[in-house]
Amino acid sequence: MDSLEKAKIRLEHWVEHSDHHIEDYTAFAEQLEQEGKSESAAYIREMIELNKKSTECLKNALKALD
């Protein structure tokens, strides 16, 4: 396996891992909101948006390898 194949596998894994974290963060933000902790939930939601942007960068890096 050459280095480009390894890079694709690594990037695919990171995208999947990041998507999973986004799901967890979203559920956590919802839980915080249900507990009346809207301010904390808002910070988590802000972080989710940042995470989505970083995931998009990973996806773009993966596409650029083709």
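**Two helices, questioned one by one**

Modeller: Let's start with Thr55, which sits in helix α2. Bear in mind that everything here comes from a predicted model.

Colleague: Fine. Why is Thr55 called buried?

Modeller: The relative accessible area of Thr55 is 2%. The label "buried" applies under 20%, so Thr55 with its 2% counts as buried.

Colleague: And which residues does Thr55 contact, once neighbours within four places in sequence are left aside?

Modeller: With those neighbours left aside, Thr55 is in contact with Val15, Ser18, Asp19 and Ile22.

Colleague: Take Ser18 from that list. Where is Ser18 found, and what makes it buried?

Modeller: Ser18 is in helix α1. Its relative accessible area is 8%, and the cut-off for buried is under 20%, so the label fits Ser18. Skipping neighbours within four places in sequence, Ser18 has contacts with Asn51 and Thr55.

Colleague: What about the chain as a whole: what share of the residues is buried?

Modeller: Buried residues account for 18% of the 66 residues in the chain.

Colleague: How many helices and strands are there?

Modeller: Two helices and zero strands.

Colleague: How do you know that the chain is more spread out than a compact globule?

Modeller: For 66 residues the globule rule gives 11 Å, but the radius of gyration of this chain is 15 Å, which is well over that, so the chain is more spread out than a compact globule. You can also look at the C-alpha trace, which spans about 50 × 15 × 10 Å along its principal axes.

Colleague: Now the helix pair. Why are α1 and α2 called roughly antiparallel?

Modeller: Helix α1 covers residues 3-34 and helix α2 covers residues 38-64, and they pack at an angle of about 165°. Angles over 145 degrees count as roughly antiparallel, so α1 and α2 get that name. Their axes are 9 Å apart.

Colleague: What handedness does the crossing of α1 and α2 have, and what classes of residue make up their contact?

Modeller: The crossing of α1 and α2 is left-handed. The contact of α1 with α2 has 15 nonpolar, five polar and eight charged residues.

Colleague: What share of the contacts between residues at least 6 apart in sequence joins residues at least 24 apart?

Modeller: That share is 58%. For a pair of residues well separated in sequence, look at Glu12 and Lys59: they are 47 residues apart in sequence, with 7.9 Å between their C-alpha atoms.

Colleague: What makes Glu12 partly exposed?

Modeller: Glu12, which lies in helix α1, has 44% relative accessibility. Buried would need under 20% and exposed over 50%. Glu12 falls in between, so it counts as partly exposed.

Colleague: Why does Glu33 count as partly exposed?

Modeller: Glu33 is in helix α1, and its relative accessible area is 37%. That value lies between the 20% and 50% cut-offs, so Glu33 is partly exposed. Not counting residues up to four places away in sequence, Glu33 touches Ala41 and Arg45.

Colleague: How far apart are Glu33 and Asp19, in sequence and in space?

Modeller: Glu33 and Asp19 are 14 residues apart in sequence and 21 Å apart in space, C-alpha to C-alpha.

Colleague: How do you know which label Glu30 gets?

Modeller: Glu30 belongs to helix α1 and has 39% relative accessibility. Partly exposed is the range between 20% and 50%, so that is the label for Glu30. The C-alpha atoms of Glu30 and Met47 are 14 Å apart, with the two residues 17 apart along the chain.

Colleague: Last one: what makes Ser54 partly exposed?

Modeller: Ser54 is in helix α2, with a relative accessibility of 34%. Set against the cut-offs of 20% and 50%, Ser54 is therefore partly exposed. From Ser54 to Ile44, ten residues apart along the chain, the C-alpha separation is 15 Å.

Note on methods. Residues numbered from 1 in each chain as written. Predicted model: local features only at pLDDT ≥ 70, side-chain atom pairs only at ≥ 80, totals over all residues. Heavy atoms only, no water. Axes fitted to C-alpha atoms, helices over the stretch in contact; angles between N-to-C directions. Helix = DSSP H or I, 4+ residues; strand = E, 2+ residues; numbered from the N terminus. Parallel < 35°, antiparallel > 145°, perpendicular 65-115°, else oblique. Left-handed = near helix turned anticlockwise from the far one by under 90°. Nonpolar A, V, L, I, M, F, W, Y, C, P; charged D, E, K, R; others polar. Rg over C-alpha atoms; globule rule 2.2 N^0.38 Å. Buried < 20%, exposed > 50% of the residue type's maximum accessible area, 1.4 Å probe, protein only. Contact = heavy atoms within 4.5 Å.
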